Amino acid sequence: MSTAIYTVKGMTCGHCVSSVKEEVTEVAGVTGVEVDLAGGLLTVESDSPVETAQIIAAVEAAGYEVADRS
């Protein structure tokens, strides 16, 4: 199992959280998504590492920006 944490900029409400979760959940290989609105953190779980570019593309499709990955 693999876990990656990203900082997402621009989320301000529950709808933002839902949009990001919906887009990232659709990325192949992703098994779990958690979004912390207060901290702007996106936690992505997968069976094997998912390419960062795919996660960034999903976040951008939701209308937000990935500021950092930890």
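UniProt, in an unreviewed entry, places "domain: HMA" at residues 2-67; such positions use the numbering here, names are shortened, and an annotation may be inferred rather than shown by experiment. This is a predicted model, with local features needing pLDDT of at least 70, side-chain atom pairs counting only at pLDDT 80 or more, and totals for chains, interfaces and linings using all residues. Residues are numbered from 1 along each chain as its sequence is written, and side-chain values use heavy atoms, leaving out hydrogens and water.

**Exercise 1. Work out the strand order of the sheet and find its edges.**

Step 1. Know what gets a label: helices (H or I, at least four residues) and strands (E, at least two) are DSSP runs, numbered from the N terminus. Over residues 2-67, that gives 33% helix and 36% strand.

Step 2. Look for pairs, meaning strands with at least two DSSP bridges between them. S1 (residues 2-9) is joined to S4 by four bridges and to S3 by six, antiparallel in the S4 case and in the S3 case.

Step 3. Check some partners. Alanine 4 has valine 44 in S3 as its bridge partner. On the S4 side, threonine 7 stands opposite aspartate 68, and lysine 9 is opposite glutamate 65.

Step 4. Put it together: the order is S2-S3-S1-S4, an open, antiparallel sheet of four strands. Its edges are S2 (30-36) and S4 (65-69), each pairing on one side only.

**Exercise 2. Sort the residues of S1 into a covered and an uncovered face.**

Step 1. Start with the general rule: side chains in a regular strand alternate between the two faces of the sheet.

Step 2. Now walk along S1. Ser2, Ala4, Tyr6 and Val8 make up the covered face, while Thr3, Ile5, Thr7 and Lys9 sit on the uncovered one.

**Exercise 3. Find the buried side of H1 and say what covers it.**

Step 1. Place the helix. H1 (residues 14-25) lies across S2 and S3 (41-46), at about 165° to S2; angles run from 0 to 180 degrees between N-to-C directions, with axes fitted to C-alpha atoms, for helices over the stretch in contact.

Step 2. List what's buried (under 20% relative accessible area; exposed is over 50%, partly exposed in between, 1.4 Å probe, protein chains only). For H1 that's Cys16, Val17, Ser19, Val20 and Val24. They're on the same side of H1 because they cover an arc of only 165° around the axis, taken from the directions from the helix axis to the C-beta atoms.

Step 3. Flip to the face turned away from that buried side: His15 and Glu22 are exposed there.

Step 4. Name the cover. S2, S3 and H2 are among the elements over the buried residues of H1.

Step 5. Zoom in on serine 19. Its relative accessibility is 17%, so it counts as buried. Setting aside neighbours within four places in sequence, serine 19 is in contact (heavy atoms within 4.5 Å) with Ala62 and Tyr64.

**Exercise 4. Do the same for H2.**

Step 1. The buried residues in H2 are Ile55, Ala58 and Val59. Down the axis of H2 they fall within an arc of 100°, so they line one face of the helix.

Step 2. Check their surroundings: these buried residues pack against S1, H1, S2, S3 and S4.

Step 3. Look just past H2, where glycine 63 takes a positive phi of about 100°.
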